[in-house]
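Me: I would like to go through one pocket and one helix pair in this model. Please keep the answers short.

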Amino acid sequence: MNTNDRKDMNRDPITGAPGSHPLGTGVGATGGVLAGAAIGSAFGPIGTLVGGAIGAAGGAAAGHAVAERVDPTAESEYWRSNYQMRPYYQSSYDYDTDYAPAYAYGSDARARYAGRAWDSGLENDLKSGWEKAKAKSRLTWEQAKDAVRDAWNRDDRTYRTYDATDRYYRTQFADKDRDPRFDYDTDYRPAYRYGTYARSNQLDRDWDDSVERDLERGWDKAKGTSRMGWQDAKSSVKDAWHGVERVLPGDADNDGL
């Protein structure tokens with residue numbers, strides 16, 4: 001995803017990809033930490049998860065990971081734009097036929113094996129399933145496995161990021177004066193997640209009137225179950241925008257990405 005795509009929130013206020021799902025239509029997450037360094041990693045900004053509505057999902061539990069998964073449309077667009085820059089790329093293979101199945105396999109594996117870390121046991125399990133999952137891809141497992149893990153790692157950071165922000169803002173929620181018409185899970189959490197996602201995809205922008213107008217235009221599409229209008233949600237979105245790098249400082253779970 002290039003800088004222009006990140007700035008153009010009018011394509012889609014969440015992903016910038018045609019046909020992608022808004023953050024508010026379903027977000028959940030599992031494990032780990034949020035850190036500014038991770039957001040700036042080689043894997044680009046965090047993705048968005050889709051599935052059940054936020055209020056129904058409850059979020060941040062491994063049991064929800066299958067129902068709430070990374071948006072395949074937006075991720076496909078991300079990898080299509082970036083696969084040729086990855087160290088394992090070979091020019092004799094193309095995206096649609098060869099690499100797309102590997103990325104989809106890694107993303108699906110991260111959703112299915114939510115409670116597992118990437119290790120030799122998991123890699124062996126995925127190796128045994130590659131021939132059935134590869135469709136028309138010409139990649140052997142040895143050629144595909146780095147792309148599979150790329151998608152796994154990127155999705156894993158998405159799940160971990162939303163889990164970290166969920167836990168942080170849920171803790172803060174009880175300590176602040178809140179509008180009694182709204183509750184955390186249904187109403188405020190979509191606003192915090194919207195601000196988190198927007199900031200991670202707008203690294204070259206500061207919060208100003210222009211950003212606020214962009215986010216206001218996108219809120220109705222992104223809000224999901226939230227009953228809050230923009231004026232009700234704005235302060236929470238702004239709080240999350242400014243709080244991305246302070247939610248959990250450092251990058252202890254970055255694994256060198």
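The questions below take the pocket, then the helix pair, in a predicted model.

Me: What volume does the second largest pocket have, and how many residues line it?
Reply: Pro72, Glu75, Tyr103, Ala104 and Ser107 are the lining residues that lie nearest the centre of this pocket. The lining has 13 residues, and the volume is about 180 Å³.

Me: Which element gives the largest share of the lining of the second largest pocket?
Reply: Two or more lining residues come from each of strand 2 (69-70), helix 4 (72-82), helix 5 (95-112) and helix 7 (141-173). By class, the lining residues are eight nonpolar, two polar and three charged. The largest share, five residues, comes from helix 5.

Me: Why is helix 5 oblique to helix 6?
Reply: Two packed helices are described by the angle and the distance between their axes. Here the axes of helix 5 and helix 6 (residues 120-133) come within 11 Å and cross at roughly 130°. Angles of 65 to 115 degrees count as roughly perpendicular and those over 145 as roughly antiparallel, so this crossing makes helix 5 oblique to helix 6.

Me: Which residues of helix 6 make the contact with helix 5, and is the crossing left-handed or right-handed?
Reply: On the helix 5 side, the contact is made by Pro101, Ala102, Tyr105 and Ala109. The contact residues of the pair divide into seven nonpolar, one polar and one charged. Helix 6 contributes Asp125, Leu126, Gly129, Trp130 and Ala133, and the crossing is right-handed.

Terms used:
Residues numbered from 1 in each chain as written. Predicted model: local features only at pLDDT ≥ 70, side-chain atom pairs only at ≥ 80, totals over all residues. Heavy atoms only, no water. 1 Å grid on protein atoms, 1.4 Å probe; cavity = no way out; pocket = protein on both sides within 12 Å on 5 of 7 lines; lining within 4 Å. Points joined across faces, edges and corners; volume = space filled by probe spheres on them. Helix = DSSP H or I, 4+ residues; strand = E, 2+ residues; numbered from the N terminus. Nonpolar A, V, L, I, M, F, W, Y, C, P; charged D, E, K, R; others polar. Axes fitted to C-alpha atoms, helices over the stretch in contact; angles between N-to-C directions. Parallel < 35°, antiparallel > 145°, perpendicular 65-115°, else oblique. Left-handed = near helix turned anticlockwise from the far one by under 90°. Contact = heavy atoms within 4.5 Å.
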